[in-house]
Amino acid sequence: MTSEDKKKLIWRRVAAVVVDSVLAYAVFLLLVMSGFVSFLMSLLDWDYVSLYVFYNIYWAYSVLAQWMFGSTLGKFALGLQVTPVLSGKNGFIQILLRNIGPVVIGVLFTVLSYLTEVGFVCKRY
């Protein structure tokens, strides 16, 4: 694969993430309109609930779509496919491990945003 082909592949992957993000955002908007996100915000008294809900919708959609169909709708639309590291079919554990990086980042973001919210990281004036 040439460097030009790698650049094209990277931009196709970025476009697939954008398409998938738009789809996840549509689901998120449905949850907002249904009042579910407002209910969680009042229950947890935390300003970042909506961002956390959107993040988890996107992550769950990515993992489940890749496991069940072999790609997300964005990847499918752009002709990309998730290939297994070893021969055979992508198993749920393999897909889960492949997507563990965003989970770790999400947990760190959640903890830091909560600590900031309650005042442990920075003082509010």
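These legends accompany several close-up views of a predicted model.

**View A. The largest pocket and its lining.**
Welcome to the open space of this model: the largest pocket has a volume of about 440 Å³. Its lining is made up of 18 residues. Those that lie nearest the centre of the pocket are Arg13, Val17, Gln66, Lys75 and Asn99. Sorted by class, the lining residues are 8 nonpolar, 6 polar and 4 charged. Helix 1 (3-34) and helix 3 (49-69) each give at least two residues to this lining, and the largest share, 5 residues, belongs to helix 3.

**View B. Gln66 and its surroundings.**
Here we stay with one of the residues nearest the pocket centre, Gln66. Gln66 sits in helix 3 and is buried, its relative accessible area being 4%. Once residues up to four places away in sequence are set aside, Gln66 touches Ser71, Thr72, Lys75, Val82, Ile95, Arg98 and Asn99. Two of these names, Lys75 and Asn99, will be familiar from the list of residues nearest the pocket centre.

**View C. Helix 3 from end to end.**
This view follows helix 3 along its 21 residues. From the first C-alpha to the last, helix 3 reaches 29 Å, close to the 30 Å expected at 1.5 Å a residue. Its buried residues are Val49, Val53, Ile57, Tyr61, Ser62, Val63, Ala65 and Gln66. Do look at what lies over them: the cover includes helix 1, helix 2 (36-44), helix 4 (73-77) and helix 5. Just after the helix comes Gly70, which takes a positive phi of about 90 degrees.

**View D. Tyr25 and Phe28, an aromatic pair in helix 1.**
The whole structure holds 4 aromatic pairs. One of them joins Tyr25 and Phe28 in a tilted arrangement, with 5.8 Å from centre to centre and 35 degrees between the planes. The two residues are 3 apart in helix 1, so about one helical turn separates them. Their surroundings are worth a second glance: Tyr25 is partly exposed, with a relative accessible area of 42%, whereas Phe28 is buried at 9%. Because the limit for buried is under 20%, Phe28 falls in that class. Together with Phe54, Tyr25 and Phe28 form one aromatic cluster.

**View E. Trp67 and Phe92, an edge-to-face pair.**
In this aromatic pair, the rings of Trp67 and Phe92 meet edge-to-face, with 5.0 Å from centre to centre and 70 degrees between the planes. The pair links distant parts of the chain, since Trp67 is in helix 3 and Phe92 in helix 5 (residues 92-98), 25 residues apart. Trp67 counts as partly exposed at 35% relative accessibility, and Phe92 counts as partly exposed at 32%.

**View F. Leu9 and its contacts.**
We end in helix 1, where Leu9 is found. Leu9 is partly exposed, with a relative accessible area of 29%. Leaving aside neighbours within four places in sequence, the contacts of Leu9 are Met1 and Leu80. Leu9 and Leu80 are 71 residues apart along the chain, and their C-alpha atoms are separated by 8.8 Å.

Methods:
Residues are numbered from 1 along each chain as its sequence is written. This is a predicted model: local features need pLDDT of at least 70, side-chain atom pairs count only at pLDDT 80 or more; totals for chains, interfaces and linings use all residues. Side-chain values use heavy atoms; hydrogens and water are left out. On a 1 Å grid over the protein atoms alone, a cavity is a set of points where a 1.4 Å probe fits but cannot get out, and a pocket is an open set with protein on both sides within 12 Å along at least five of seven lines; lining residues have an atom within 4 Å of a point. Grid points are joined across faces, edges and corners, and a volume is the space filled by probe spheres set on the points. Helices (H or I, at least four residues) and strands (E, at least two) are DSSP runs, numbered from the N terminus. Ala, Val, Leu, Ile, Met, Phe, Trp, Tyr, Cys and Pro count as nonpolar, Asp, Glu, Lys and Arg as charged, and the others, Gly among them, as polar. Rings of Phe, Tyr and Trp (its six-membered ring) pair if their centres lie within 6.5 Å; planes under 30 degrees apart count as stacked, over 60 as edge-to-face and the rest as tilted. Buried means under 20% relative accessible area, exposed over 50%, partly exposed in between (1.4 Å probe, protein chains only). Contact means heavy atoms within 4.5 Å. The expected span of a helix is 1.5 Å times one less than its number of residues.
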